[in-house]
Amino acid sequence: MRMYDLIAKKRNGESLTEAEINDMIKEYVAGNIPDYQMSAFLMAVYFRGMTEEETVAMTQAVAHSGDMVDLSGISGMKVDKHSTGGVGDKTSLVIGPIVAACGAKVAKMSGRGLGHTGGTIDKMESIPGMRTALTQEEFFNVVNKTGLSIVGQSGNLAPADKKLYALRDVTATVDSIPLIAVSIMSKKLAAGNDSILLDVKTGSGAFMKTVEDSIALAEEMVKIGENAGRRTAALITNMDIPLGNNIGNSLEVIEAVNTLKGNGPEDFTEVCVNLAGNMLFLAGAGEIEECIEKAKTAIADGSALERLVAMVDAQGGDADYIRDTEKFEKATHTFDVLAEKEGYIVSMNTESCGIASSMLGAGRITIDSEIDFTAGIIIHKKTGAKVVKGDVLATMYTTKPELFEAAVKRYHEAVVIGDEKPKEQPLIYARVTKDGVLYSY
Ligand code: URA
């Protein structure tokens, strides 16, 4: 194989064979293909796209570039969920316990936050004592005992994706639908679950800004998953407004616990029961409506909350913090952001809301930054709300009051107040399965 020939082939709009793709990924991980040639190839894909066969082959090659996790040591149906990332997205902490309470197994690897989006692992680590790096044996034992475990991603999962992603990040080739599909699905296939639910976020706080692009990405990922013998589906969910009211690590854990106690915000609860219902459906627990009802019951009867308590306890965390969230350390400083005029909240730039929270210390500026677990924002007024001048739009939390000024400025820029009440947006736009796109179900 000559990398030059593969670049030229893709540049000319031709398709690569499975063997060519396998060789290319193997040689790239081995260090035999320089980054400048791989960059040229990625840019050719950016403009020419890839066929379904190429996308499937590249996903498999990237997945097999490292460990393929074997979850056969865990009994029962194992179902995974992946969110393409958003602001206030603490769904894993709610739907994992719901799905476990309903009888399926959740053996989940999650990530840390970077940029404007939070990460489940950081949120979990705001619970004192919580361990997120377990040995494989510990991970399996926790899932077999409690029905779920959430841990950090193992070091050798899809190493080709780590190299490719870093390269895409600096060569303006991140926002290519086939390359995103390969990147996400290679890690999901390597993680070893029987079925996969994809939560493809859409809107100002998401990677995909339009519903059309989100559906195209979802369709591509569902095809890859089904082709690999995993039951796969996707929900296209709204990220044009932050999800729930709390942004920031311990603030999001508190909101997740409140939701499991039946006191969560309506939008967040609705998205969680739909995601959990779809995971249960993929795990073979019944028809979709029945599975959504099961998810609601697991909240109402407290069984999902018990699963979260059990998982936290099994992973070394102090489960008293879940039983009584008043125990969480509070930020030393708070600041109310006030409406500067009367009107309706017409829109919220969700990415900027996430950045404002990050600026308070809830997120990382670089991969090594220290996180302030108490920092973040509680939103009191969201898109569509009527406000008068002086109303509290949001409360900010931090241990470093000098961070308020810039974060408040960013938040004000994000929240647009106008005269006309905006049209209500759907929380869930569509469901994508191997049978097609359903706009309501
Ligand atoms: N998330 C990923 O893991 N990869 C991408 O390319 C984009 C989002």
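**View 1. The residues around the ligand in this predicted model.** Seven names to look for here: Tyr-165, Arg-168, Ile-180, Ser-183, Ile-184, Lys-187 and Phe-207 make up the surroundings of the ligand. Sorted by class, this shell has four nonpolar residues, one polar residue and two charged ones. Helix 8 (159-170) and helix 9 (177-190) each bring in at least two of the shell residues. Helix 9 gives the largest share, with four residues.

**View 2. Polar side chains facing the ligand: Arg-168, Ser-183 and Lys-187.** Start with Arg-168, where an N or O atom of the side chain sits 2.9 Å from an oxygen atom of the ligand. For Ser-183, the ligand atom is a nitrogen, and the distance to an N or O atom of the side chain is 2.6 Å. Lys-187 comes next: an N or O atom in its side chain is 2.5 Å from an oxygen atom of the ligand. On its own the ligand has 240 Å² of accessible area, and the protein covers 88% of that.

**View 3. The five-stranded sheet, an open one with mixed pairing.** Reading across the sheet, the strand order is 1-4-5-13-14. Strand 1 (79-83) and strand 14 (436-438) are the edge strands; each has a single partner strand, so one side of each has no neighbour in the sheet. From one strand to the next, the twist averages 20 degrees.

**View 4. Strand 1 beside strand 4, with helix 9 packed on the sheet.** Strand 1 and strand 4 (residues 195-202) run parallel and are joined by five bridges. To find your place in the pairing, look for Lys-81, whose bridge partner in strand 4 is Leu-197. Helix 9 packs on this sheet and touches strand 1, strand 4 and strand 5 (231-238). The direction of helix 9 makes about 155 degrees with that of strand 4. Helix 9 is also the helix that supplies four residues to the shell around the ligand.

**View 5. The three-stranded sheet, open and antiparallel.** Here the strand order is 10-8-12. The edges belong to strand 10 (386-387) and strand 12 (415-418), each with a single partner strand, so one side of each is left without a neighbour in the sheet. Two bridges link strand 8 to strand 10, and the two strands run antiparallel. One pair to pick out is Gly-343 with its bridge partner Val-387 in strand 10.

**View 6. Strand 8 against strand 12, with helix 17 lying across them.** Strand 8 (residues 343-348) pairs with strand 12 in the antiparallel sense, through four bridges. Two residue pairs make handy landmarks: Ile-345 has Ile-417 of strand 12 as its bridge partner, and Met-348 has Val-415 of strand 12. Helix 17 (residues 404-414) lies across both strands and runs at about 45 degrees to strand 12.

Terms used:
Residues numbered from 1 in each chain as written. Predicted model: local features only at pLDDT ≥ 70, side-chain atom pairs only at ≥ 80, totals over all residues. Heavy atoms only, no water. Pairing = 2+ DSSP bridges. Contact = heavy atoms within 4.5 Å. Axes fitted to C-alpha atoms, helices over the stretch in contact; angles between N-to-C directions. Near = heavy atom within 4 Å. Polar contact = N/O pair within 3.5 Å; in protein donor to acceptor, adjacent residues only side chain to side chain. Areas by Shrake-Rupley, 256 points an atom, 1.4 Å probe, with all protein chains shown as cover. Nonpolar A, V, L, I, M, F, W, Y, C, P; charged D, E, K, R; others polar.
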